[in-house]
Amino acid sequence: MNIAGSTRVTYPSGALAGSSPIVATLRRNGEHGVVVTETPFHPLDHTWPDQPADTGTINGVPVTDCVTGAVEHGAATLYLGHEIPVRRGDPGWHWLVVHLTGEPVGDVGETAALAVEPDTRRALSAGHTACHLTALALNAVLADRWRKPAPADGLGSPDFDQAAISSSRILPGGSLDTYRLGKSLRKKGFPTEGLADDLPGIAKQVGERLTEWIAADAPVRIDAPGPDLAARRTWRCALPEGEAAIPCGGTHLTGTGLLKAVDVTLDLSADGAELTMRTTVSG
Ligand SMILES: [Zn+2]
């Protein structure tokens, strides 16, 4: 495979369609892979697989999956998804969006028409925006439980989310975040005694904070230092308390008011070692 650069992506600004030259094609497990110069498709990230891949079509052919690909500079081997032996953004590699289809969509050099399915994208963007807001609200509500100074989030609260997150999954219209409440978190200064009894009150306060932020209709934007897939993008939201910033490779709504309402539930595992936060957007 002869690859000269990383794929440029337009989804961070909300793009849903585009047309772009095909720069590579491949066969993998009976499927056809296609790489273009520039795409609106969001692929699953191999390092932090939070937001699922976009669906849609290329030249009218359904895209069955969209994954991250990587080729080392000067090399010919393309690695896909979990095969990639380095972390996202390694500068010695080209980072590619690989669209998978059940049939060929064109040859190298031809222009492909790319169209993302808008309803699923919007539902994922809503889920992702709600996920970040809920994390910030949880940080704020848990702030007075910390017993040692801890790194703060963009609003000045100890960043519980960053300190404890073990996985984050964006769903259409929601998210599911899992936090590890182990010894290392207690050593960082977050005691977990009494947490189970306090969870209903914590969830209620998180919900109240979200209601305020939705009513404020705070603008949301993605800052990108460049157009390449692996550029280190930042989610920024100008909330009444200040501007929050979170590193993020996903897609988002343009304002918190588009969420209408967000419901949050918190559950502690039986052994108390895992906290699950389920976020559901209505409207
Ligand atoms: Zn994100």
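**Close-up views of a predicted model**

**View 1. Strands β13 and β14 side by side.** In this predicted model, Arg 236 has Ala 245 of β14 as its bridge partner. Trp 235 stands opposite Ile 246, also in β14. The two strands, β13 (residues 234-239) and β14 (residues 242-247), pair in the antiparallel sense over 6 bridges. They form a hairpin, with 2 residues between them. Two strands count as paired if DSSP finds at least two bridges between them. Strands (E, at least two residues) and helices (H or I, at least four residues) are DSSP runs, numbered from the N terminus. Strands of a sheet pair through backbone hydrogen bonds, either parallel or antiparallel.

**View 2. The open sheet and helix α1.** The sheet has 3 strands in the order β12-β13-β14, with antiparallel pairing. β12 (220-223) and β14 stand at the edges with a single partner strand each, so one side of each has no neighbour in the sheet. From one strand to the next, the twist averages 25°. Helix α1 (residues 118-142) packs on this sheet and touches β12, β13 and β14. The direction of α1 makes about 65° with that of β13. Axes are lines fitted to C-alpha atoms, for helices over the stretch in contact, and angles run from 0 to 180 degrees between N-to-C directions. Contact means heavy atoms within 4.5 Å.

**View 3. The zinc ion and its protein donors.** His 128 (NE2), His 132 (NE2) and Cys 248 (SG) are the protein donors, lying 2.0 to 2.3 Å from the zinc ion. Their spacing in sequence is H-x3-H-x115-C. His 128 lies in helix α1 and Cys 248 in the loop between β14 and β15 (261-268), so this pair ties together parts that are 120 residues apart in sequence. Both His 128 and Cys 248 are buried. Donors are N, O and S atoms within 2.8 Å of the metal (3.2 Å for Na, K and Ca); water is not among the atoms, so sites may look incomplete.

**View 4. Thr 192 in a loop.** Thr 192 is found in the loop between α3 (183-188) and α4 (195-215). Its relative accessibility is 17%, so Thr 192 counts as buried. Buried means under 20% relative accessible area, exposed over 50%, and partly exposed in between (1.4 Å probe, protein chains only). Leaving aside neighbours within four places in sequence, Thr 192 is in contact with Leu 181 and Arg 186.

**Notes.** Residues are numbered from 1 along each chain as its sequence is written, and side-chain values use heavy atoms, with hydrogens and water left out. The model is predicted: local features need pLDDT of at least 70, side-chain atom pairs count only at pLDDT 80 or more, and totals for chains, interfaces and linings use all residues.
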